[in-house]
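The following exercises concern the packing of helices and the surroundings of selected residues. Each task is followed by a worked solution.

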Amino acid sequence: MPRFAANLTMMFNEVPFLDRFEAAAKAGFTAVEFLFPYDHPAEEVGKRLNGNGLTQALFNLPPGDWNAGEKGFAALPDRFADLQQSLKTALPYVQATGVKRVHLMAGIADRSDARAVAAFRKSVAHAAEFFAPHGLDVVIEPINPRNVPGYFLNDFIFARDLINELGIANLKLQFDIYHCQIIHGDVTMRLREMMPIIGHVQIASIPSRNEPDGEELNYPFLFGELDRLGYGGFVGCEYNPRGKTTDGLAWFKPYAGVKP
């Protein structure tokens, strides 16, 4: 049975961020993820997490100036020093939460630019090597161009090939089913093919990015497929609730309370 992680950036927005840990636990989640914790002290994030008996499934490394439109800088040739600093910035949050995987964002860059490709390869390898002694996986995630136009990593095949070529043990694929369906379709066959390199899975309805309870995909089938494939990681609920978060959790009730 899948182990679901509530995404506290997108869910439980009825309360302030630090109060969402308690809200998620009360709703039956045993794990959480979020985009960025850096607006809050690492110790306080860890306190809220541990105080509610939750496991931290994932968070993103610092993306640069998010409000100015930056979406990471791993593929930006002139930002390697910022990439190096971002790993150090994240480390206290890694230690406070006990997270086992972090997402490295590629940034806005042209994938036909050889300099951007070289920069991304260098950044990905460096991040994986930096976190390896801490027992962490680094995951990279293809993001569809409809949601983030111009994002460098917008192809699952490119991501798969890069992971296989680099051959770094703690470098994995973040397989967001929502993004995969928009970019490629044929989600089940891609899950079957890429499962050996998948380190994290995320879900949302397509095309609306709401609760995974309808629209294009049969999520109960896909949850069963993850079990059949032996996936032992977390499934992040990276969706926008249609209304109040708890009002849209009927889909989750069969899985509530599943322990990490």
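**Exercise 1.** Which residues in H3 meet which residues in H4?

The model is predicted: local features need pLDDT of at least 70, side-chain atom pairs count only at pLDDT 80 or more, and totals for chains, interfaces and linings use all residues. Residues are numbered from 1 along each chain as its sequence is written, and side-chain values use heavy atoms, with hydrogens and water left out.

*Solution.*
- Step 1. Helices are DSSP runs of H or I with at least four residues, and strands are runs of E with at least two, numbered from the N terminus. Helix H3 spans residues 80–97 and helix H4 residues 114–131.
- Step 2. With contact taken as heavy atoms within 4.5 Å, H3 contributes Phe80, Leu83, Gln84, Leu87, Lys88, Leu91 and Val94. Their partners in H4 are Lys122, Ser123, His126, Ala127, Phe130 and Phe131.
- Step 3. By class, the contact of H3 with H4 has 8 nonpolar, 3 polar and 2 charged residues. Here Ala, Val, Leu, Ile, Met, Phe, Trp, Tyr, Cys and Pro count as nonpolar, Asp, Glu, Lys and Arg as charged, and the others, Gly among them, as polar.

**Exercise 2.** Describe the geometry of the H3 and H4 pair, then that of H2 and H3.

*Solution.*
- Step 1. Two packed helices are described by the angle between their axes and the distance between the axes. Axes are lines fitted to C-alpha atoms, for helices over the stretch in contact, and angles run from 0 to 180 degrees between N-to-C directions.
- Step 2. For H3 and H4, the packing angle is about 30 degrees and the axes are 11 Å apart. H3 is therefore roughly parallel to H4; angles under 35 degrees count as roughly parallel, over 145 as roughly antiparallel, 65 to 115 as roughly perpendicular and the rest as oblique.
- Step 3. Helix H2 (residues 42–51) packs with H3 at about 25 degrees, the axes being 8 Å apart. H2 and H3 are therefore roughly parallel to each other.
- Step 4. On the H2 side, the contact is made by Ala42, Val45, Gly46, Leu49 and Asn50, and on the H3 side by Pro92, Tyr93, Ala96 and Thr97. The residues of this contact of H2 with H3 comprise 6 nonpolar, 3 polar and no charged.

**Exercise 3.** Is glutamate 211 buried or exposed, and which side chain does a polar contact join to that of glutamate 211?

*Solution.*
- Step 1. Glutamate 211 is found in the loop between strand S7 (198–203) and helix H8 (219–228).
- Step 2. Its relative accessible area is 2%, so glutamate 211 is buried (buried means under 20% relative accessible area, exposed over 50%, partly exposed in between, with a 1.4 Å probe and protein chains only).
- Step 3. The side chains of glutamate 211 and arginine 242 are joined by a polar contact of 3.2 Å. Such a contact is a pair of N or O atoms within 3.5 Å; within protein, one must be able to donate a hydrogen and the other to accept it, and residues adjacent in sequence count only if both atoms are side-chain atoms.

**Exercise 4.** Examine the backbone of proline 207, glutamate 215 and phenylalanine 12.

*Solution.*
- Step 1. Most residues other than glycine have a negative phi, and most peptide bonds are trans.
- Step 2. The peptide bond from isoleucine 206 to proline 207 is cis, with omega near 15 degrees.
- Step 3. Glutamate 215 has a positive phi of about 70 degrees and is partly exposed at 42%.
- Step 4. Phenylalanine 12 has a positive phi of about 60 degrees and is buried at 2%.
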